[in-house]
Amino acid sequence: METVGPDLGKNLERVCAAFCRDATFRQRVFQAGTGVRAAVCYLDGMASAGEIRAGVIRPLMKALPGDEPNAAAYAAEKVLWATEVSGTGSLETVFSGLLSGAAAVFFEGCSTALVVDAKGFRSRGIQEPENETVLQGPREGFDEVAVSNLAMIRRKLQTPDLCAETITVGKRSKTAVYLCYLRSLASGALVEELKRRLANIEIDGILDTNYLNELIRDRRLSIFKTVGSTERPDVVAAKLLEGRVAILANGTPVVLTVPYLFAENFQSGEDYYLNFWGASIGRFLRYFCFFLTISVPAVYLALLTHHQRLLPTFLLLSSAGTRGGVPFSSLAECLLLILVLEILKETGARMPQNLGHTLGIIGGLVVGQAAVEARLVSASMLIVVAVSGIAGLMIPRLRAAVFFLRVGFVLLAAWLGLPGCLLGGAFLLVRLTGTASFGVSYLQPLETPTAQGMKDTFLRLPWGKMLTRPAFNRNLTRQRRTKE
Amino acid sequence: MKQIAFLLSAALILLSFSGCRAVEPEEVYLISALGFDRVEDGVRLVAEVPLTRENEADQMEVRLFEGSGKSIPSALEDMKNGLARQLEFGHCALAVLGEGIEEETLDWVLECLSEWQVPLSATVVFSPDARALLGRGSLSAPAVGYELPDILRLISKSRGVSFRCRVYEVASSGGDFQIPRFLPNGEEVAEVDRLAGVCVYRQKKAVRIE
């Protein structure tokens, strides 16, 4: 490990050698007021030049000579105006400081360098997250700077109980990852388990929390999310108040929360900002639409091809009529339409907003009308898949799972008819009951339903009725409020 | 692994019990009504099948298929010989029994209706000539099989009595059940005057429908 030496020139040579191919590297050698030669190094764009000029160079040049033999200690204690100054003898610490936006100050004849906080990179600022817009409620969202994200959480939970521990992840990116939780509510075992999993991560870089998500989750290949994600500080604060742990990382506005349960896929932050009647309707509709979106194409296909006597006579006649001339089997037609629907959704999510009209025309007229008129697909199957697609939009958090379940159910229905759908349902239940998120059963509170647990599951009862926190951390204080 | 093995075996069991294979709806003739007539050398089976035109689901045409044989199953086989599609009896709404069927072969007919899985809710009527009744066409509904049960339902509501005789009622009646009698337009019968509309008999009493 290289150390800082007393020779200023050699120290600078080493630093310059490390950053010789970095065009943003800056250094300035000057005579400090104490009579000692000094040099300041920083990376332009990461550190603020104005901050360094005002907080480091100017005070050092104006400093009066002192009797302290260690120039670095003297400067740190009595000269520099910066809020965060630390001395180090390790060049590696100096490098990591420079890379995180600090300025490094070397002194002639001193084997200690100062790492001075002078971060000056720009952030996007507080904006409403596009994926989690609400009609009513807070509109602020996280940005890419984890520290300011933590501050946003702290503004909502002004208690010293709120912990934010940091872990560095990524061999090359050295990304700062923060574990945020309320000490009195979060399970200690959960926090320790999370730290263990994060410490075991071996990866070059973490550019988004989804990297962490995929590396720490329980069933890595499961189609269901077992780690929650949000860009809203109010949602994170609410989860922390339930005893969950949040994971923040530098460079991304997406914050992870664990444990994440199946029921959370159907909850929205807005549920708690609206009247509970309206919120309950929305909550119930989301469950209904989940059932609808995965089952409607499969059940229709099963009825159409295996159990025709169960369909109303005129619907069957109509379906037979609209299918006349369609060159594909009902199964191929259904899968084709599901694929087209996914393509349209993916295109809509990726393309620039000003091309939205084009997509509407292509999706509505070409796929909808022209495909039916050209007898590529039947109108009835188009309607069924469209209903399924629209229902799926109600639960965006289950988007990937819904696609695979929909296709799986359709294949089973084409193979076995309605018994195939039942088989798929049984398989789904078996998988869900066997899934856990950080030791908590994924189907809680549905697996062991309690009156209190169900009050925030299918419906959202008024706050006056919700007396306890979720049941997953039974060993801790569960009482949310006392009964009036 | 145990779960997967269990689910796979469960799937295979279900597959073996399901006993059906996928059939596209346009590969099936949907029977709306069945007619049974007694002919000299056996039984004549008539099936009324509504067909939708391609991509014109609201425009239907009706076709009659018929077959003859010494028994009802052989008549069905005879009918099937000329057809390119499967027959689906699950949507049959009407069974018309010709005069000759009335006494002698009613049990056979009911047995066949049961075997073919004709819905128990299907209406059973008598007519002197089942083929003539099914072939008379309809103005208000796409097929006779859909019109006659509606008419019977209408009468039942207006008269306060039930003229709608279902398969299970006929089968469980012990032989003395009065099945509504339908006559094609303009046909004369001894018990009533000349009929302009559709006539329903119940216990030898005719009901005229305007």
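This briefing covers the two chains of a predicted model, their interface, one helix of chain A and a set of salt bridges. Chain A has 484 residues, of which 49% count as buried. Chain B has 210 residues, and buried residues make up 47% of them. Between the two chains about 2800 Å² is buried, and three salt bridges are counted there.

**Chains**

- Chain A has 15 helices and twelve strands.
- Chain B has seven helices and nine strands.
- In chain A, 65% of the contacts between residues at least 6 apart in sequence join residues at least 24 apart.
- For chain B, 61% of the contacts with a separation of 6 or more are between residues 24 or more positions apart.

**Interface between chain A and chain B**

- The contact involves 30 residues of chain A and 31 residues of chain B.
- Carbon and sulfur atoms give 62% of the area of about 2800 Å² buried between the chains. Of the area that chain A buries against chain B, 23% is supplied by A:Gln308, A:Arg309 and A:Leu317, more than any other three residues.
- Ten residue pairs are in polar contact between chain A and chain B, counting pairs with both residues at pLDDT 80 or more.
- On the side of chain A that touches chain B, the elements giving two or more residues are helices H9 (276–305), H10 (313–323), H14 (399–416) and H15 (418–433). H10(A) contributes nine residues, the largest share of that side.
- By class, that side of chain A has 15 nonpolar, eleven polar and four charged residues.

**Salt bridges across the interface**

- A:Arg323 and B:Glu26 meet through their side chains in a salt bridge, at 2.9 Å from N to O.
- A salt bridge also joins B:Glu88 and A:Arg309, with the closest N and O atoms 3.2 Å apart. This pair crosses from strand S5 (residues 86–88) of chain B to the loop between H9 and H10 of chain A.
- The two partners differ in exposure class: B:Glu88 is buried, with a relative accessible area of 12%, whereas A:Arg309 counts as partly exposed at 33% relative accessibility.
- A:Arg309 therefore combines a partly exposed position with a place among the three residues that supply 23% of the area chain A buries against chain B.

**Salt bridges of A:Asp271**

- Over all chains the count is 32 salt bridges. One of them pairs A:Asp271 with A:Arg283, with the closest N and O atoms 2.8 Å apart. A:Asp271 lies in the loop between strand S10 (255–258) and H9 of chain A, while A:Arg283 lies in helix H9, so this salt bridge ties together parts that are twelve residues apart in sequence.
- Both partners are buried: A:Asp271 has a relative accessible area of 2%, and A:Arg283 has a relative accessible area of 0%.
- The side chain of A:Asp271 also meets that of A:Arg286 in a salt bridge, at 3.1 Å from N to O. Here the link runs between helix H9 of chain A and the loop between S10 and H9, with the two residues 15 apart.
- A:Arg286 counts as buried as well, because its relative accessibility is 13% and the class covers values under 20%.

**A salt-bridge network in chain A**

- A:Glu342, A:Lys345, A:Glu346, A:Arg399 and A:Arg406 are joined into one network by salt bridges that share partners.

**Helix H13 of chain A**

- H13(A) spans residues 379–392 and has 14 residues. From its first C-alpha to its last the helix reaches 20 Å, close to the 20 Å expected at 1.5 Å a residue.
- The buried residues of H13(A) include A:Ser380, A:Met381, A:Leu382, A:Val384 and A:Val385. Further along the helix, A:Ser388, A:Gly389, A:Ala391 and A:Gly392 are also buried.
- These buried residues pack against H9, H10, helix H11 (330–350), helix H12 (356–373) and H14 of chain A.
- Among these packing partners of H13(A), H9, H10 and H14 also give two or more residues to the side of chain A that touches chain B.

Key:
Residues are numbered from 1 along each chain as its sequence is written. Chains are lettered from A and ligands numbered from 1 in the order in which they are written. This is a predicted model: local features need pLDDT of at least 70, side-chain atom pairs count only at pLDDT 80 or more; totals for chains, interfaces and linings use all residues. Side-chain values use heavy atoms; hydrogens and water are left out. Contact means heavy atoms within 4.5 Å. Buried area is the accessible area (1.4 Å probe) that two parts lose on being put together, summed over both. A salt bridge is a side-chain nitrogen of Lys or Arg within 4 Å of a carboxyl oxygen of Asp or Glu. A polar contact is a pair of N or O atoms within 3.5 Å; within protein, one must be able to donate a hydrogen and the other to accept it, and residues adjacent in sequence count only if both atoms are side-chain atoms. Helices (H or I, at least four residues) and strands (E, at least two) are DSSP runs, numbered from the N terminus. Ala, Val, Leu, Ile, Met, Phe, Trp, Tyr, Cys and Pro count as nonpolar, Asp, Glu, Lys and Arg as charged, and the others, Gly among them, as polar. The expected span of a helix is 1.5 Å times one less than its number of residues. Buried means under 20% relative accessible area, exposed over 50%, partly exposed in between (1.4 Å probe, protein chains only).
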